[in-house]
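Colleague: I should like to examine how the descriptive terms applied to this model are justified. Please set each value against its criterion before drawing a conclusion.

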Amino acid sequence: MSTPPPHSAALRALQLPFTNGALQWPQHSALFLHAQPGWPWRGFSAEQPFKQAADELLREGRATQVRADGPPEAGAGDAPLVLLLPPRQRDELRALFARALDACSEGGMVVASVANDAGAKSAEADLRKLAGGLEGTLSKHHCRVFWARKDATRTDTALLAQWRSADAPRRIAAPQVAGGGFQSRPGVFAWDRIDPASALLAAQLPGNLRGHGADLGAGWGFLALEVLARNPNVQALDLYEADARALELARHNLAEAGSEAALEFHWHDVTTGLPRSYDFIVSNPPFHAHDAADRPELGQRFIGAASQALRKGGRLYLVANRHLPYEAALAAGFGQVRELAQRNGFKVIEAVRT
Ligand SMILES: C[S@@+](CC[C@H](N)C(=O)[O-])C[C@H]1O[C@@H](n2cnc3c(N)ncnc32)[C@H](O)[C@@H]1O
């Protein structure tokens, strides 16, 4: 799980080959994959699966368009320059390199920037191998920036074909989930397993939830599936998730489960609040960002959004790492708060809006 921070060191490092003259910013048609807000040039097409960063890019107004992911014709190959801030997960990163090379025009440039502690060396080796060599590299701000020219005679086409589907959705076997498994893909939160905190929360869920509920930060849909499996009187459930890739998987997984409840899927930044009121809410909120540092304010804002959206008598079921300071936010938003379980470093909370 990650939320790209705006104006990160990798983004600053990525600007250097353009400011020192090693590379030219093209007049049009640059493509920026996993773009972050704060890029100073204009006139590029941005792809960013996380809603917060995508909204910020739109607000900045420097990108000509901002999309969650590539269009179906992504392999058209007409961008003279493709920038990317690769994700940490290796298969997702390799698929993004393949996508970058596909989208780049022959003779065009693919430029990436990766923090040293986020796998810069192996990412650089991957692009070198795929493109058949690098044109340049530099190190700055604890990051490596490296770029390759697209040259069909040097590209490793077998590797390209393999990496195109490196992060493709696939079935993960999981006896704990109704149906025996779920659809997932590398890069989304807990992509190939059931998160132990979510499993603990699921085990504490009551069986008498009813009405209209929400799952905040729904990931590939585990908690939502559990809510529906245990609560036949739930009439409607809205899933909110900032990562567009995860939300698509949740859509698939919930459809497969075949519940009669009405379902809605929102590509949404929960920290901005919720658009309607609810009878109950479940959440395993995010607690760290891209740099893996604790960000307790994220969970606190999820709690604030839940308390504002719950009707009187509405209940929040939340799981968190035991050390996270959520007590003040819970006390501010809810009349009754009690701990239902504490195990393996996690706590499960029930909070009632009175
Ligand atoms: C701890 S994970 C829980 C995922 C899922 N509920 C589960 O149990 O497997 C938190 C989820 O919140 C998402 N997320 C992070 N920031 C968010 C935000 N501002 N708004 C909505 N979702 C967010 C992450 O992408 C991640 O899928």
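Modeller: A residue is called buried when its relative accessible area is under 20%, exposed when that area is over 50%, and partly exposed in between. By that criterion, buried residues make up 56% of the 354 residues in the protein chain. The model is a predicted one.

Colleague: What makes the protein chain as compact as a globular protein of its length?

Modeller: The chain has 10 helices and 16 strands. Its radius of gyration is 22 Å, and the globule rule gives 20 Å for 354 residues; the two values are close, so the chain counts as being as compact as a globular protein of that length. Along the principal axes, the C-alpha atoms fill a box of roughly 65 × 40 × 35 Å. Of the contacts with a separation of 6 or more, 66% join residues 24 or more positions apart. The chain exposes about 15,100 Å², of which carbon and sulfur atoms supply 48%.

Colleague: How do you know that the span of helix α3 agrees with its number of residues?

Modeller: Helix α3 covers residues 90-103, which is 14 residues. At 1.5 Å a residue the expected span is 20 Å, and the end C-alpha atoms are 20 Å apart, so the two agree.

Colleague: Why is α3 described as mostly covered?

Modeller: Being buried requires a relative accessible area under 20%, and 12 of the 14 residues of α3 are buried. Among them are Glu92, Arg94, Arg99 and Asp102, together with Leu93, Leu96, Phe97 and Leu101. At the N-terminal end, Gln89 acts as a cap, with a side-chain oxygen 2.7 Å from the backbone nitrogen of Asp91.

Colleague: Why is Arg164 called partly exposed, and what does Arg164 touch?

Modeller: Arg164 belongs to helix α5, residues 157-164. Its relative accessibility is 44%, which lies between the limits of 20% and 50%, so Arg164 counts as partly exposed. Setting aside residues up to four places away in sequence, Arg164 touches Ala95, Ala98 and Asp102, each of which is listed among the buried residues of α3.

Colleague: What makes the pairing of Arg164 with Asp102 a polar contact?

Modeller: A polar contact needs N or O atoms within 3.5 Å, and the two side chains meet at 2.7 Å, so the pair qualifies.

Colleague: Why is Ser184 called buried, and which residues are in contact with Ser184?

Modeller: Ser184 is part of strand β9, residues 181-184. Its relative accessibility is 0%, which is under 20%, so Ser184 counts as buried. Apart from neighbours within four places in sequence, Ser184 is in contact with Ala168, Pro169, Arg170, Ile172, Trp191, Trp220 and Leu249. The side chain of Ser184 also reaches the backbone oxygen of Trp191 at 2.6 Å.

Colleague: How do you know that the disulfide count is zero?

Modeller: A disulfide is a covalent bond between the sulfur atoms of two cysteines. The criterion requires a pair of cysteine sulfur atoms within 2.5 Å, and by this rule the count comes to zero. As for accessibility, Cys104 is at 0% and therefore buried, and Cys143 is buried as well, with 1%.

Colleague: What makes the phi values of His141 and Asn344 worth noting?

Modeller: Most residues other than glycine have a negative phi. His141, which is not a glycine, has a positive phi of about 55°; Asn344, also not a glycine, has one of about 50°. His141 is in the loop between β6 and β7, and Asn344 is in the loop between β15 and β16.

Colleague: Why is His141 called partly exposed and Asn344 exposed?

Modeller: His141 has a relative accessible area of 29%, which falls between 20% and 50%, so His141 is partly exposed. Asn344 is at 69%, which is over 50%, so Asn344 counts as exposed.

Colleague: Why does Gly43 count as partly exposed, and where is Gly43?

Modeller: Gly43 lies in the loop between β1 and β2. Its relative accessibility of 23% is not under 20% and not over 50%, so Gly43 counts as partly exposed. Beyond residues up to four places away in sequence, Gly43 touches His28, Ser29, Ala30, Arg62 and Thr64.

Key
Residues numbered from 1 in each chain as written. Predicted model: local features only at pLDDT ≥ 70, side-chain atom pairs only at ≥ 80, totals over all residues. Heavy atoms only, no water. Helix = DSSP H or I, 4+ residues; strand = E, 2+ residues; numbered from the N terminus. Buried < 20%, exposed > 50% of the residue type's maximum accessible area, 1.4 Å probe, protein only. Polar contact = N/O pair within 3.5 Å; in protein donor to acceptor, adjacent residues only side chain to side chain. Contact = heavy atoms within 4.5 Å. Rg over C-alpha atoms; globule rule 2.2 N^0.38 Å. Areas by Shrake-Rupley, 256 points an atom, 1.4 Å probe, with all protein chains shown as cover. Expected span 1.5 Å × (residues − 1).
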